[in-house]
Every structure is written in structure tokens, then in C-alpha cells.
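Please consider the structure below, and the questions that a biologist puts to a modeller about it.

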Amino acid sequence: MSSTMTPVKRSRKRSLGLIQPSHPLSDECSVVLSELRDVLEEKALEGLPLLNRLVSLLTLYSSEIVVGDKKAVVAFNVPERNTNSLPSRHRTALLNSSMPSRSLSLAGMPDFRGSAAAAHYRKTSITDPVRCPYISPSGQLEGDLLLDPVTINQVINLGNHAESPVENVRRLVLLHPEDDPLIFTEMMTLDHNGGDKPMWKQSGRWIKYEQDVEGAFTRFSKPFVTMLHMQGLMQAKNCLKKGVVLLDVAEIAFEDIARAVVKEWGQRGLVNSVVADIVLQTILSPKHHLGTIPGENYFGKSAGHVRLVPDENGGAKYAENEDEEESDDQDLLHHPQPLRDVIKGNRRIMKKLPANTEGAAILTGCVSCLDRAISAFVRLRVAQKLYPILPDLPVPVRFIFLLLSPSENYHNERMSIARTIGSLIADEIFRKVALHTQEQHTLADAADEFISQIVAVPPGKCSADTRWEPRETESKQTRSVGMLYATYHDDDEEQGDQAENNGHGSIVRTGRLFGGLVQDIKAKAPWYLSDYTDFFAGRMSQSVAATIFLFFANITSIITFGAVMERTLHHQMASMEAIVSGGVSGVIFGAFSGQPLNILSATGPTLVFEKILFDFSVGNGWEFLPFRCWVGIWIAFFLIVLTATDMSALVGLISRFTEEAFATLISIVFIIQAFQKLLEISHDAPIVADPREVYESPCFCHLNETNPLHNVTVSLRLKDMAAEECEARGGEAVGLQCHFKPDVYMLSVLLTFGTFALAWGLNNFRHSRFFGSTFRNALSDFGVVIAIVVMTMFSLTVGLDVPSLHVPQQFRPTLDRPWIVDISSVPLVVAFIACLPAAFYTILIVMDQQITAVIINRKDNMLRKGEGYHLDLLCIAVLVLICSFLGLPFYVAATVLSVMHVNSLRVYSESSAPGEIPRFLGVNEQRLTAIFAHSLIGLSVFLTRVIKLVPLPVLIGIFLYMGVVSLLGQQFVQRIALLFTSVKHQPDYSWLRSVRMRRVHLFTIIQLLSIGALFLIKHTKTISMIFPLMLVFMVMIRMFILERIFTRSEMASLDDLLPTFKQVVMPKSARQQQREMKELIEHKPQI
């Protein structure tokens, strides 16, 4: 497809006579033309009404050029003149110069519409006379690189059909699939310095985004996306198409390159010998880069020895005089501070640039001795180091573009073309074409392909001077080559594949015993060694910070749940058992699991089920730990059966609807527990509104002591005894002064929310604009650790008796029992009865473990080492068996901790160019963070003195931080906010664009009711046992109810597309056979 454009531009003023038509006119036309001639001699604008009358009287569609002494005007629909005497090239150009009668301004749109100045500006643009093509002083119509694109019809090829220019570009890109070097581009303009010797001054640069020189030549602007004029695009294309293009130039010095360009201009008759010398001297004029003086080298003592070498991170750095960096900084002291900062900034950029970076230079200026505009695009055969001449960084130069003209057809014409060339070179497709093409016309084809990909902005919304900062996106926008035509697929055939592409739907049953487990092992084996070495890859500080964070977060959770277990299970299991289980389970799972990013810990649902088992065993007169051991044996058996039959494939039926419901429930539990623990501190250190009540209520210790000689129990009432001492002696402390701890609770509140705010702020500091990226990343990696250390130091400085974690100091079970549970202490029938609660517990463990695994394995996290659902389930089975015999709690993947673990290991691209937004690349998948963190948890019994230094309110703040961060990262919370947001202020979510708001609210309300039902069942003791079944019921609601309420397109936006139950359960080989049979039946020949 093609588009014909006829822009109208301002030409240079020329004084030529009125060209008479070659055939007789009517009397009325002659009179009008005579009057028009008289008016044009005085003032061209007053002749426009007469010109309109003349146009209305004529009917033929051709062109006639009418030029007055002061203004050049193109008249349309004038009878055709005899053009046979003109050369064919001139005749074609003249006949193609017809253009619409409505003239538009080229200077851009005003900043404010409606004002008097804007109205005058708009009126001027309407009455601005149209222009003619270039006419030489001899009267001949000749080509002009810059004027032709704006006065003669231009053809743009947008389609990638056969033999099109875009298709030519596509073929060249296919022939060169390798990565091309990054191009650093410098733009320089000619400054005549008020008539003195001209000098080239830097006006901008590109690495990936444009930066302009501003602030009176003292700084670079913030990087921004280049805004281009269409006329600049067309003129730049014409320069590449009809201007001088030299490919694979062998010269190595800038002076030799300039001489080769001027020689080519002379051979084409664009400059004579006198002008050629002036142009050459102009090109060789001194170059003034920002922050330097011409010829000065700020990357070494000698410009000839500047070289690039790869650094340890795969980037490029300046190799010479590396030991003299401090002395180099001393050399900059004679510069003003702004220029000193520019030079230091350039040195930092050099450290980030890839080692193979090459350079480009764009030089544009006014040379009054020229007759017309001239241009040259030069590609060197081998990139040459021209620094400090060009560019301002010591990178080898590959491209040079020159544009010289005697005057401009519109304001900032040369700058517009130069910025267009800079944007073309920064584009990855045009850069590939420029590096590999052997034909000049392919460069113009690449410009057409570039134009086919641009996005137009309506006039009046912005101008070329508008600066759009690069927007932060999680994933890089893919640059296509040419336009994409529509493609069509069979919906029935692709339905299953579409569902599989949504997150975790690729897992299917193999149909073989332990077939899924074998596949997981084969998939994980090639990555197993890297799972350990990747801990030290990239930023090791990130891995260390994640380990410390996991330790404090998990030990807090484990000890908290241990204290709850101790009260709930009557000391059958407590903090000691919880710590040992965290160490053993975490290390084994981290070393052998399929997805080591999952973090095992105590969870709320398992704690509820432990209470159910305890009440059931005590009610029947059985010992709890032996009965629980039999339950654990049955759970391990069920889990192994599920692993053998590949039933983990059922996770394919878990969609975002179920994931978010479960994750929201767990996050809310974390937040509630944080406030509950904070409230418990107020019981030990209550807030006293009236201190007089405390003074009037001293502390008395009521003791009951027995005299062994007389066998008499004596009740004592002791005064002024510390409450801790009284309780240690078995007494009861009574009185307000016993627990009076002034300001402790208020300090605890301050520590909790201070830790939360500090951790939250440091986590978001990664994306701030302060300091360098290295410092920001390090600060964010250790954000939680820094928050813990800072608030702990603050608490120690204040000196109040703030509570801390109660960590066991001796390595022994809470009860006086051996570590191995004796299962023979209960009747044998108990072993068979235990299978019933074990079935429910198995459902809970599977749902709890696999829902968390599904959340971690979502495609949003861009994991590359596979999933391993079957291997995870086998590891859990082994751990349940071990913990059953040791009398330890059962641990499964904790949703909040696992999500926080993944977030702490997120990897972003390094910024190699100013303005480049770091992109999310994936997660540093490795095992050692979990192994080290759980090893520290297991050794925490021997680290009691260190752990007790950390106040409990600080760890409560981390609890609150984890719950809030995991909660706010869900689409469900965004949809909740939409319920209270007016239509005017609704955010632009991609999933919101194709669904009506009422349907979004309906989906949100259904999900909200489901989460409420889960929360109600979990916290209702009488029905809490069916909590695992409720999770299964959530999956069924999504599969059968929501599918009927919402359309498929709505579900694709709000949730994941699910495969059918048959597609998940049926082995893959059977599915393939069934599809082949279906195709055979459909294509059976008719007799």
C-alpha cells in the first residue's frame, strides 16, 4: 500500500516575471490576469481574491507557476502550459507540483489556542502563500534535496508486499540475524560566532534516547523520546535517496573522509572548485563538545591512545591510565562545576556502554556560498577512532552524516532533518540496514519502513519541541519490521493452546507411572549446578540481602506460630519443634525440590487443622503425637500416589481467580496477626491515662509456700517484688505497678510503623531519581535489613524495656519425651482411623502447596528453569514423613514468604544509556538463599543472644510489610479500588479496556464473596475442617459458574483462560491421537 503526500513549504524568494500561458484565454480571464499582474507587482497577498476568481473560472486540472517580484505563488487549475520544451525530468517535476489550494503553516501549532496571538498565528498560517519548486537563476527547474520533498508529490511505501521497499528491508534483516553494536550518535551544528571563524558546536546526542545541550552550553537535558516532523522525515529520506551516499569508505582520518565527501560533491556538479575549498575548510573547522575545548582529550593524555576494552560485566571502559583516575579529576578543577559534572557523567556512561559500541556524527550548518543544499551519508569500512575530533566519547566512528545549505525553507529545517537522522540511527532496524546494506536505495527503503512504524500525534497536542520522557514498562516493546497483516487461526484447534499459554497450563498428565516426576527431574537436572552457582552471579549483595531478609521474616513467623501451637496443643509442640522443623524442612526442600523459590513455613490453615487433630485425639483418649504420626504416614502415602499418577497436572485448573482469593486470605491473615501481636504488647505494658491510679496500686506478690516440717501451706503477700521474680517463684503479681511500663507500648507502635515505612520506602527507592543505579539497587536489596538495624539501634538508644522474641535456649523437645515418636503407644485401629483426617489434611497440603507454586510459576515472573510440581509434592511427602516421626509441625510453601522471596531476587536490565528504563528480566533462580536462611533458622537456638537484640515490634513491622506488599501486588486490589473510583479518574489498566465496568464490578463482587466465605470457614471452629474442600469448591466455581456468567473475552481480560478438565486429565499422547482422529474424519474424502 502507498500514500501520496503533497506538503507545502516556504521557498526562497526570487524575482521572476509572470509566465504567460501558451494558449489564448477568454476575455474575462485576460482582464483578471491583467489586474492580477498589477497587484502582484506591489503586494502579493492582495492578489489572492483575484486569484480565487481566476481559479473558479478555469476547469482544467494542471498547473501553472506564477511568480511575483516579492512572493512566489503556485496557482492551480490554470490551463496547461506547453511543457514539451522542458527536459523530461523538469517536465515531470513541474506537472507533479500540483497541490491543494489550502496552505498550511510549517512552523508548528501555537502553545495556547484561543488567545489573540494564537488567532493571528492561525490566520497567518492560512494566508501564508504556497511555494514553487526550485528554479535556478537561468530559469531551469532543477532538483533540490530539501525543497523537492515539500513541493513535489512524495510516495511513501507502507506495505510489506512482494517487491516492496519494506520487503527489501525484511530480506536484509533476515540475512543478518546477529546482534548489531549500539551506536552512540553526536549532533553538531555550525556556529559562525558573529562572523568570526566558524566552529562546530555540539547540540545533542543519542544513545537510545535524545539529549539536547541546554543551559547556555553547560549541561545535557534529560533523555527524551524524539518528536519528528513529517516534512523532516521526507527530507531526510530524500537525502538518503538522492544525496551522496558513500558505503565502506576506506579512509581512516577525519580530514581524508571530508576530502572524499567534497570530491564526490564536486564530481556530481554540486560544488565548483572554489566553493569546494570553502566547504572543506568549513567541515574541518574546530569541534567544540560540551564541557571541553576543541581538541582536548578528557579520557587520556593522548587522543591517539584512546581505546575501549571489555570490563568484567561485559561493558566497555577506558583502558588507558586507569590508575590515574584521581589525577584526571584534578585536571578538571579549572573547569566550572557544571562542566566538570558533564565530563564525569561521560566517564560514567563509558563504563556502562557495551564493549562493541560504535559512534556516529551528524554535522549540519549554513554555508552561504552554496547554490543549494548538499548532503552526504558516509559509512566507514572499519570503525575508526576519531576522538577527540568526533564524537565526545572515545568510541570508534562508523557513520558520518553531513548536511549543508545556504538557507532554510522553514524554521529549524536543518535541525529537524538532523534530529530525524539521529532517530533513524538509534532505531535498531534502520541501524542494521545501514550497517549491512550495499546499495544506496536500501537506505531510503529503511526510511520507508521506519515511517510505516511511527505513531502520529494529532496537531495542536504537541510539537517537535515537546519532550516525552521514556515510560517505564515491565517488558520491552518488540520492534516489528514493516506492518503486520491479519492472521487467522482455527479457534477450536487453538483453544487448548491458548489456555496453555496462560501461566501454568502447559503441565499435562503423561499417562505413565511417575511420568511427570521423571519429566521434572530431567528438566531440572541441567540447571541443578547453576542453582547453586547463580547465588554468586550478578549482584551477590542481592542474594545476601534476600537470605538475611528470609531469616528474620521466617523466624518471626515460625516462633509466632510456635507460641500459638504451645497454647493450642497444650505444649505438645512449641517454638523448639517449630524451629527444628523450619531448619530441617527448609534445607531439604531447598536442596531437592522442583521449585526452590518456594519458602516453607508454618501457615494458618495447617495450624487450624493441627487444632482439629488435637481435639479429635484427646476426645477419643488417644495420645496426640502417635495419632498425628499415623496421620502423617497416610498423608505421605496419599501424596506419593498423587505424584505417581501425575495428578499435579490439576494445577492447570487453578486460575488467577483462585490464586488471588487464596493469596488475599493469607495476606490479610499476616496483617491481622501483626496487629494482634502489637495489641498483645499493650496487655503487658498498658497505656495509663491517669498516673495517680498507678501510684495508688502498688505491686503485691501473692505466694503459697508449703512448710515441709509442719506440712502447712502459708499464704504470703509480699510488697515491692518484681513481677517477673514473683511469677518465677510461682506467685501471682497483683497491682498496677506490677506491669507498669511507661511509654513502652507507644514506642512499640512507633517501632512497628517506623520499620514498615522504612522498609517500604527503601524498597521503592530502586525506582527513584536520586543517586546512581548501583547505589539505589544496593539500598533496595538491603532495605528490610537496613530497616531492622536502624529501628533496633533506635530502640537501644531510647533504652526502654521493649519485648523481644522468646527463643528456646536448650535443644530439647518441649515435653519431656524422646525426639522419635512411639507409634505403638496407640491401638492399631487408630492407624486405620487416621486415614480419614489424613485425606482432608492431604487436600489442604496439596492446595496450600500447589496454589503457592502456581503463583510463583506464573509467566509474569519470567522464570526460565521450569516448574517441578511433581517433584515438589514428592519432597513434601518425604518431609511430612520425617516430621511425623520427630513430632514436628508440617510445613508447606508459605504464599507471602514465597512471593517476597521472588520479589527480593528480581533482576532488572542494567541501564546502558541515559534515560533507559531498567526492564524486568526475570528472577535469579537459585537454591542457596533458602538453604542458608533455613540453616540459620535451625541454628537460631545457638543465636539467642543476637536474636533477642531485635525488638519484637520491629519484626511485627516486617510482618506488616510483607502482608501489605503481597496484598497490593494483586489485580484484585486494583479492582477493589475501582469500586470507589469515579469514571473520570479510572486508571488505564490494559485488562480494563475490553470489559464493561459493570462486568468488572460483578467479577470483583463474586471474588470478594468467595474470599469472605473462605475467611468465615477458616475462623469458625465447627466447620473449619472443610476449609480444604472450600478451596476445591473455589476452583469449581471458576470452571462452571463464571464460565456461564462471563464471556470468553471477558475472562481472558479478568482471569486466565482455562483448559477443560478432559484436556488436563487425559494423557498428552491420548489427546494427540484424538486430535489426529478428528482431523482424519474431517478430511475424509467423499465418495
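The exchange that follows moves from the whole chain to selected helices, loops and residues.

Biologist: What should be known about the model and its numbering, and how many helices and strands does the chain have?

Modeller: This is a predicted model in which local features need pLDDT of at least 70 and side-chain atom pairs count only at pLDDT 80 or more, while totals for chains, interfaces and linings use all residues. Residues are numbered from 1 along each chain as its sequence is written, and side-chain values use heavy atoms, with hydrogens and water left out. Helices (DSSP runs of H or I, at least four residues) and strands (runs of E, at least two) are numbered from the N terminus. On that basis the chain has 40 helices and 22 strands.

Biologist: What percentage of the residues in the chain is buried?

Modeller: Buried means under 20% relative accessible area, exposed means over 50%, and partly exposed lies in between, for a 1.4 Å probe and protein chains only. The chain has 1087 residues, and the buried part of them is 52%.

Biologist: Of the contacts between residues at least 6 apart in sequence, what percentage joins residues at least 24 apart?

Modeller: A contact requires heavy atoms within 4.5 Å. Among contacts in the chain that span at least 6 places in sequence, the share joining residues at least 24 apart is 76%.

Biologist: Is the packing of α21 with α29 roughly parallel or oblique?

Modeller: Two packed helices are described by the angle between their axes and the distance between the axes. Here the axes are lines fitted to C-alpha atoms over the stretch in contact, with angles from 0 to 180 degrees between N-to-C directions. Helix α21 (residues 624–644) and helix α29 (residues 835–856) pack at about 55°, their axes being 8 Å apart. Because angles under 35 degrees count as roughly parallel, over 145 as roughly antiparallel, 65 to 115 as roughly perpendicular and the rest as oblique, α21 is oblique to α29.

Biologist: How many nonpolar, polar and charged residues has the contact of α21 with α29?

Modeller: The residues of α21 in this contact include F627, W634 and L642, and those of α29 include C835, Y841 and T842. Ala, Val, Leu, Ile, Met, Phe, Trp, Tyr, Cys and Pro count as nonpolar, Asp, Glu, Lys and Arg as charged, and the others, Gly among them, as polar. By class, the contact has 14 nonpolar, one polar and no charged residues.

Biologist: Which residues follow the cis peptide bonds from Y387 and from L390?

Modeller: The bond from Y387 has an omega of about 10° and leads to P388, whereas the cis bond from L390, with omega near -20°, leads to P391. The loop between β14 (374–384) and β15 (397–405) holds P388, and P391 is found in the loop between β14 and β15 as well. The residues asked for are P388 and P391.

Biologist: Is D646, with its positive phi, buried or exposed?

Modeller: D646 is not a glycine, yet its phi is about 60°. Its place is the loop between α21 and α22 (656–684). Since its relative accessibility is 0%, D646 counts as buried.

Biologist: Which residues does R776 contact, leaving aside neighbours within four places in sequence?

Modeller: R776 belongs to helix α26 (residues 773–781). At 13% relative accessibility, R776 is buried. With those neighbours set aside, R776 is in contact with F765, R766, S768, F770 and F771.
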